[in-house]
Amino acid sequence: MKALSAMKHPAALYERLRDFTRIIVTAVLMILAILVSPIATRAEPFNSRGCAWPLVLSPEGSGNIQGPDGAARYWLMPFDTQYQKMTIKGTYPNIRFFSFTAYETIDYDAIHNTNNGFHLAEHHLYDAQIAPDPGSINPFVPPGGRSGEYTVVISRTAPSSGNTIGVSPDLTWVALRMYVTDADPSLNGQSLMGGVPLPAITVTGQNGASKQLDACFPINKWSDVNAFAQFLFPPTIDMNVDEGTPSSDRLWFASLLNPPSVLWPNPDGKYLMMWPGNSYQPGRLMVIHGKAPGFPDTYQGSPVWVPSQGFRNVDMRYWALCEQDYALPLPLVACATDLTTRLEGGYYTIVISDDRQRPDWLRPNVNWLPYGDEQYPKFVVIRNMVPAPDFHHAVQDAWAAPNCAFEFTLDAPPNRSVLDEKGPYCQEAMGDYYPVAVWCDKSTFIHGGWQACIERKGGKR
C-alpha cells in the first residue's frame, strides 16, 4: 500500500529514493574509509598493547630471530600508519655502539600478515651522528664527556635531515641497535641498556595530537613475537637449502653484495659469509684463524677513540664472528666477539666442534664455539662495523673490491663453487685480517695446532 501511495505522489517517491541513495553512499564511504584509512590494525599484530619497544631480538629466549649478534640487543618499534611522527628522546648510553634505523615494509597485507620485503630508509643515524639536545653533549664525539640527551624524529612528512629520519606512509619498523655495553659496577639493573632507560617514545597523529607511550613490560609477548616471525618468514618460504659438500677442506668466506632485506642488514656494517656444508664431518672440526682489528676500550669506560689494551689504533668500532642455524627463524648458535676473543700475537684462532662444552684439550688462547644441533645446516658470518677511514683491511674493502662479493637469497643460495671462486679475491683485499678456515682432523689439531691444520691446506697467512 505504501508503494502504491508513493507512486501516486512523485515527490514522496523522490524523497524515499534520495534517502536510500544517501544511506548507500554513506555506507560505501565508510567501507572505503575502513579499507584505506591508516588505522592501528597494521601494527597491532606485533604490538597488541600499543606500548613502546614491544620486541627485542637477542640470543636469549623467544627473540632469537634473524641471528642477533651475541653482544647486541636490537629493540624494535612498529611505526603505525595512523601516526605522522614518532619522537624518540633518550640519554646517550654507556656503550660501544648504538643506532636508529628505519625499515619500510613493501606491500604489507594486514589481513594476512604478509609483506613483499623491506626498504631501508635512505637516512639512518648512529651514535656519533646524533646531535645532542641544547645544553647537552654527545660523548661519542671528541672531546667527549658525560652523557647528555638527544632527540630523534621519525617523520612521514618532513624530509630526512639532521636527527630526522623521513619514512614512507606505510608500516615502518624502527630498530634501536645496541652493542657491547660498558661494565656496570653499580648494578643498577640497566646493564644491557648502557646504564640508562630505554628512550621514551611520543607519537603524533594526523590531527596533530600527541601522546607518550608507556614502555612495554614484559617485552616479547608471545603473540607479538609469533606475528613478527611469520611477518618476516611466511610459512610459504622453503628453506630446504643444499649447501653441498666441500670439494676440499678449505672453507672460503666471501662478501654479500646485497644481503636479503628480510635480514634487515645494518647500514653501518658489512658481512662475510661461509657455509661449511650440509652436515657436520664426524671426527673433525672447523678451524678459523685471522688477525684481529683494533677496537675501542669502551667496556672499561674509555671513549670510542681509545684502543683496547694490546692495540695501537681503533681500526673499527666492532667485529664479531657468529654461527647460525640455516633454518627458520635463523637463530644464533654462538658468537666470538672482539671483547671476549682471546688473541695470540694479535691473531685469533677459533675452533668449532660438536662438543657440548668447551673441550679440555683446547689451549686457553684458543676460542671455541659449539656447532649446535647437527640436524640443521649452518652458516658463519663475520661482521665489521664502522671501520676507521685509514684502515683498509675491513670487510667493507673486500665488499668493494672486484670479484669478491656475491648475490644471495635465503631460499636459493648460490652453489658453493661461487664462494670458492670469490674467496681468494676477498682474502687478497683483506690480507692478514681475512679469516682463513678449514675442516681439520681433531687429532691433527691436538698435535699441531692451527698451523698443522691451515698451513697444510694452503691457507698459510
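A charge is taken to sit over a ring if NZ of Lys or CZ of Arg is within 6 Å of the ring centre and within 35 degrees of the ring normal. In this predicted model, the charged end of R177 meets that description with respect to Y74, at 5.4 Å from the centre of the ring. R250 likewise lies over the face of W252, where the distance to the ring centre is 3.7 Å.

Pairs between aromatic rings were also examined, and a search of the whole structure gives 32 of them. In the pair formed by F118 and F231, the ring centres are 5.6 Å apart and the planes are at 75°, so the arrangement is edge-to-face. F118 belongs to strand β5 (residues 118–120) and F231 to helix α3 (residues 222–232), so this pair ties together parts that are 113 residues apart in sequence. F118 and F231 are both buried. The two residues are members of one aromatic cluster, which also contains F46, Y103, W173, F228 and W264.

The nonpolar cores were considered next. In soluble globular proteins, nonpolar side chains tend to be buried together. The largest nonpolar core of the model has 95 residues, of which W173, F228, L232, F253, V287, I288 and F445 touch the most other members. W173 and F228 are also part of the aromatic cluster. With residues up to four places away in sequence left out, F445 touches L285, V287, T349, V351, W361, L362, V366, C440, W450 and C453. A second core, separate from the largest, comprises 31 residues, among them W75, F140, M178 and V203.

How values were computed
Residues are numbered from 1 along each chain as its sequence is written. This is a predicted model: local features need pLDDT of at least 70, side-chain atom pairs count only at pLDDT 80 or more; totals for chains, interfaces and linings use all residues. Side-chain values use heavy atoms; hydrogens and water are left out. Rings of Phe, Tyr and Trp (its six-membered ring) pair if their centres lie within 6.5 Å; planes under 30 degrees apart count as stacked, over 60 as edge-to-face and the rest as tilted. Helices (H or I, at least four residues) and strands (E, at least two) are DSSP runs, numbered from the N terminus. Buried means under 20% relative accessible area, exposed over 50%, partly exposed in between (1.4 Å probe, protein chains only). A nonpolar core is a set of buried Ala, Val, Leu, Ile, Met, Phe, Trp, Tyr and Cys residues joined through side-chain atoms within 4.5 Å. Contact means heavy atoms within 4.5 Å.
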